[in-house]
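Student: I have a set of structural labels in front of me and would like to know what earns each one. Could you take me through the reasoning?

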Amino acid sequence: MPLPADKTDCENEPVRRQVPSLDVDPFSADYFENPLRVHHELREAGPVVWLGRYQCWAVARYTEVRSVLHDWRTFCSSRGVGIQDFAKEEPWRPRSPVLETDPPQHDGARAVLNRVLSPAVIKRVRQELSLVAERRIDELLQRRNIDAIADLAEAYPLSVFPDLVGMPKEGREHILPTASLNFNAFGPNNELRRAAFATAAPHMSWVMESCKSTNLAPDGFGSQIYAAAEAGEITTDEAALLVRTLFFAGVDTTVNAIGAAIYCLASFPTQWKKLHADPSLARNAFEEAVRYESPVQTFFRTTTQSTEITGAHLNEGEKVLMFLGAANRDPRHWERPDEFDIERRASGHFGFGGGIHMCVGQLLARLEGEVVLSALARRVSAISINGQPKRRHNNTLRGLATLPVTLHAA
Amino acid sequence: MPRIVYVQPDGARDECDVEAGINLMQAAAVHAIEGIVGECGGNCMCATCHVYVDPHQIDLLPARSEAEDALLDGVAAERRANSRLACQINMQPALDGLIVRLPDRQI
């Protein structure tokens, strides 16, 4: 990597040289197929690593990821949580009022979402979501040979979440491509990102149209967000963008988490047997799958001032890439990090992020994961993989495109 | 080091010495206390570290934040006047001897 001619960067270079530098590409096809080797390299290189290829810092150990997530004053989100710095480049879409803001702007919008997705609300939908999951598993058992991704990991969230939000019934086939676009857009301008943008127009126009208050069912999460705007808590523009955030962030993430859980349980029959014997482990099994596979792999922050992380000096206005998936398997924090153990105390992982931006839909995601795994555990005696699973490549999300399995009835 | 007493629904007691500044959810995790889940890792978002603080000691604690209050409305077990989230109680010398009772469920 040639040294940048810019004066500030030259001044900084001696300091950077003390920090290990790696030439890995966490946005490449090879990485998406197997990120674990790169995670290991990053963690072992040092607490902070310079990624010359993308001119950004990386943290991959538990302690440093936690420090960055929890210090929003120094590591802000308002300059974008992807590689783009909003101070230098226009965001590709109007920024999210929660994801891409800092306090105090962040807090009003976050308070609204906290309420719309509160434990009390999630408790009320538990029985319904549980019934839908049981019906879905019964249907799949009739077919026996299924694609666990399309037929379950995608089909289940798509059968509950859009209705909870109150999305229009027409055009829901746009949901997954839109979400995939959104998560690809956090990465560099690579083939994946360009391909996503090349086909984005019809998906985006459906989303923008569907987020309008007049197109949302009156009793869903979407309408409740608009009600908060009417009450003066947020502006109407913010309400539209918050609904859009639910569209973007509420489905694909859960799809990949449920897919990860089924993949793990099918790959580790001993763990499946434990779950089958005691379906009350379903919730913890889902949590462990989120730790183990980390469906959301990475997010960026931007420094608001010069700062230090474990001895490394960072200048103002630099991007820091947090490897959530690597921290979730850091042996400095986790015992037997590479073992999938559904009885592990997995709490404290960063699969849902951490700090003030921690996933606002985590309770709903956990509920969806729990009821699917619980229904599987009670109705299915074994899940066997009967074909080659395929990865789906995305600049932020880790998951499968297909997972052919046979379900054996209990 | 200040001491905290966790009481299980069946009356079993665990006494733990907790460093000041550590919250009661983290302390429970460190001491492997059953019955406190803490799914969100102490971010005040999941309401799975619900505890009942001894009524005689409840006034020793700082008031609940709005976020904690809202989350307590959604706890799995009954919400009572002395309900708190363990992740929102930071240990301090003045809380030495604090007794918290665990609800029968968190989810």
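**Labels and their reasons**

Tutor: Happily! A:Arg329 lies over the face of A:Tyr292, at 3.8 Å from the ring centre. Keep in mind that this is a predicted model.

Student: What makes the charged end of B:Arg80 count as sitting over the ring of B:Tyr52?

Tutor: Part of the test is distance: CZ of Arg must be within 6 Å of the ring centre. The charged end of B:Arg80 is 4.0 Å from the centre of the B:Tyr52 ring, and the other part, an angle within 35 degrees of the ring normal, is met too, as the charge is listed over the ring.

Student: Why is the pair of A:Phe27 and A:Tyr54 called edge-to-face?

Tutor: Two values decide it. The centres are 5.4 Å apart, and the limit for a pair is 6.5 Å. The planes make 85°, and over 60 counts as edge-to-face. Both conditions hold, so the label fits. The structure holds 14 aromatic pairs over all chains.

Student: How do you know that this pair links distant parts of the chain?

Tutor: A:Phe27 is in the loop between S1 and helix H2 of chain A, while A:Tyr54 is in the loop between S2 and S3, and the two are 27 residues apart. Together with A:Phe300 they form one aromatic cluster.

Student: Are A:Phe27 and A:Tyr54 buried or exposed?

Tutor: Buried means under 20% relative accessible area. A:Phe27 has 5%, so A:Phe27 is buried. A:Tyr54 has 19%, so A:Tyr54 counts as buried as well.

Student: And why is A:Asp138 called partly exposed?

Tutor: The value for A:Asp138 is 34%, and partly exposed runs between 20% and 50%, so that label applies. A:Asp138 belongs to helix H6 of chain A, residues 119–143. A:Asp138 also has A:Ala375 at 8.9 Å, C-alpha to C-alpha, although 237 residues separate the two in sequence.

Student: How many disulfides does the structure hold?

Tutor: Zero, over all chains. A:Cys56 is in no disulfide: the nearest cysteine sulfur, that of A:Cys76, is 15 Å away, whereas a disulfide needs sulfur atoms within 2.5 Å. B:Cys44 fails the test too, with the nearest cysteine sulfur, that of B:Cys87, 5.1 Å away. On accessibility, A:Cys56 is buried at 1%, and B:Cys44 is buried at 15%.

Student: What makes S1 and S4 of chain A edge strands?

Tutor: The open sheet has six strands in the order S1-S2-S3-S9-S6-S4, with mixed pairing. S1 (21–22) and S4 (75–76) each have a single partner strand, so one side of each is left without a neighbour in the sheet. Helix H4 (residues 62–70) of chain A packs on this sheet, touching S3, S4, S6 and S9, and its direction makes about 125° with that of S9.

Student: How do you know that S1 and S2 of chain A pair?

Tutor: Pairing needs at least two bridges. S1 and S2 have two bridges, in the parallel sense, so the requirement is met. A:Leu22 stands opposite A:Leu51 in S2.

Student: What about S11 and S12 of chain A: in which sense do they pair?

Tutor: S11 (residues 390–392) and S12 (residues 399–402) pair in the antiparallel sense over three bridges. With at least two needed, they qualify as paired. A:Lys390 has A:Thr402 as its bridge partner in S12, and the two strands form a hairpin with six residues between them.

Note on methods. Residues are numbered from 1 along each chain as its sequence is written. Chains are lettered from A and ligands numbered from 1 in the order in which they are written. This is a predicted model: local features need pLDDT of at least 70, side-chain atom pairs count only at pLDDT 80 or more; totals for chains, interfaces and linings use all residues. Side-chain values use heavy atoms; hydrogens and water are left out. Helices (H or I, at least four residues) and strands (E, at least two) are DSSP runs, numbered from the N terminus. Buried means under 20% relative accessible area, exposed over 50%, partly exposed in between (1.4 Å probe, protein chains only). Contact means heavy atoms within 4.5 Å. Axes are lines fitted to C-alpha atoms, for helices over the stretch in contact, and angles run from 0 to 180 degrees between N-to-C directions. Rings of Phe, Tyr and Trp (its six-membered ring) pair if their centres lie within 6.5 Å; planes under 30 degrees apart count as stacked, over 60 as edge-to-face and the rest as tilted.
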